[in-house]
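Visitor: I would like to learn how to read salt bridges in a structure, and I hope you can take me through some cases slowly.

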Amino acid sequence: LLVSKDLGKHLLEVEDLLQKHGLLEADISAQTERVQALNAAALKFSELEGYQPCDPQIICNRVNHVQTCLEELEELAAKRRKELEDSRQLWTFFQEMEEAEAWIREKEKILAAKTCGRDLSSVVTLTNKHKTMLGELGNRRALLHQTMKKGEKILAKKSFSSVGIQEKMREVCLRWKKLEEVTGLHQQRLEDALNFFQFSAETDDLVAWLQDMYRIVSSDDFGHDDYSSQALLRKHRAVVDEVEKHRAAVLSLRKQLALLAPDHRQGVDVQIRVVEVEQLYGEVAEVAVLRTQWLQDALAVYRMFSEVHACEVWLDEKEQWLEKMEVPEELDDVEVVQHRFESLDQEMNSVMGRILDVNQVVQQLVDGGHPSSDEVRSCQDHLNSRWNRVVELVENKKSQLSSVLKIQNFLLEC
């Protein structure tokens with residue numbers, strides 16, 4: 001049993017042989033105690049004085065022979081155990097290498113079947129799974145490193161042929177290297193896809209925002225009075241600021257596109273998308289400028305109307321006063337009325353300046369092609385007509401006063 005050359009053909013068989021060898025070692029250990037007891041008993045016969053049933057030398061030789069046989073048996077057992085343990089190390093090495101190969105094959109199939117996703121959500125999910133796989137790869141790399149060290153130790157002992165061991169180590173190393181290369185390529189593809197879908201998502205968000213801005217800046221609500229137009233203009237200026245802030249994002253799209261992987265950046269759809277965003281931004285910015293002008297024109301119109309209304313209130317008041325006023329015949333009364341006209345002249349100078357401003361605003365609106373040009377021109381004509389009417393009344397009243405003063409002065413001289 002101890003000189004058997006059967007060291008097992010696989011790990012389970014070696015484990016079975018070691019278990020049997022352990023039983024044999026236990027039996028040898030038990031026999032060792034028995035042999036030592038028998039030898040001790042036999043040596044007593046060699047020490048007898050007087051009658052000796054056997055030659056003491058024969059007894060000693062026999063005891064030494066049995067002891068030598070036992071020691072040889074123990075040496076064989078120790079040698080057999082070492083050979084079996086070496087065999088177990090060898091087959092453990094091969095089994096671990098086979099497990100590593102099986103794991104590599106499994107991951108190769110998974111990587112071969114993996115896609116890079118169809119949208120941002122799926123790519124993020126696949127990226128997280130790939131990170132988990134990278135963790136597994138790191139753990140397996142450490143185990144493989146330990147197994148390789150075991151193989152090197154077996155080679156150093158030179159107990160077995162090195163051909164199969166070296167071949168297995170070389171084969172597994174090559175497959176492992178290929179797996180890491182495939183894993184790295186897949187990781188790069190995932191990163192490229194992630195960058196592309198992030199770019200697409202950001203572009204879609206930018207398009208949605210620009211579409212909202214276009215609806216806002218193309219609104220036909222310009223307010224219904226001075227206050228509402230001012231409020232709309234303030235809001236619009238805030239919108240214009242936001243549009244201007246997004247200019248850099250739009251301009252950077254081509255730079256971001258250039259950073260994408262060739263397979264992604266050379267796609268016709270993505271290039272068309274970038275052009276569409278640039279065109280849409282240009283339209284939003286252009287319409288925003290137009291709306292600014294429209295709101296300013298609306299505000300100018302409402303302010304003009306307000307100014308016209310204020311002037312007409314004054315004109316109504318003075319027109320009624322002039323029409324009802326009768327030129328007095330007494331000198332003292334004439335002087336009072338004359339003082340009133342002097343104050344009226346100052347007021348008229350002020351109002352005339354306001355009317356001139358109104359005429360200037362009207363001319364600017366008409367020249368700018370304002371949609372309410374006809375209404376504005378009509379309002380201007382009505383105001384100027386009212387002004388001319390008041391000026392005419394003032395001149396008539398002044399002429400009457402001048403005549404009365406001449407008569408009064410003539411009478412005083414007489």
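Guide: Please keep in mind that this is a predicted model. A salt bridge is recognised when a side-chain nitrogen of Lys or Arg lies within 4 Å of a carboxyl oxygen of Asp or Glu. Here E108 and R175 form such a pair, with their closest N and O atoms 2.8 Å apart. This pair links distant parts of the chain, since E108 belongs to helix α2 (residues 56–113) and R175 to helix α4 (residues 162–217), with their positions 67 residues apart.

Visitor: Is E108 buried, exposed or partly exposed, and which of these words fits R175?

Guide: Partly exposed is the term for values between 20% and 50%. E108 is partly exposed at a relative accessible area of 21%, and R175 is partly exposed as well, at 23%.

Visitor: Which parts of the chain does the pair of R303 and D226 link?

Guide: The side chains of R303 and D226 meet in a salt bridge with an N to O distance of 3.7 Å. The pair links distant parts of the chain, namely helix α9 (residues 268–324), which holds R303, and helix α5 (residues 226–245), which holds D226, the two residues being 77 apart. R303 is partly exposed, with a relative accessible area of 43%, and D226 is partly exposed with 26%.

Visitor: Which residues are linked in a network of salt bridges?

Guide: Such a network links D316, E319, E323, R386 and R389.

Visitor: How many salt bridges does the count come to?

Guide: By this rule the model has 25 salt bridges, and one of them joins the side chains of E244 and R247 at 3.0 Å, N to O.

Conventions:
Residues are numbered from 1 along each chain as its sequence is written. This is a predicted model: local features need pLDDT of at least 70, side-chain atom pairs count only at pLDDT 80 or more; totals for chains, interfaces and linings use all residues. Side-chain values use heavy atoms; hydrogens and water are left out. Helices (H or I, at least four residues) and strands (E, at least two) are DSSP runs, numbered from the N terminus. Buried means under 20% relative accessible area, exposed over 50%, partly exposed in between (1.4 Å probe, protein chains only).
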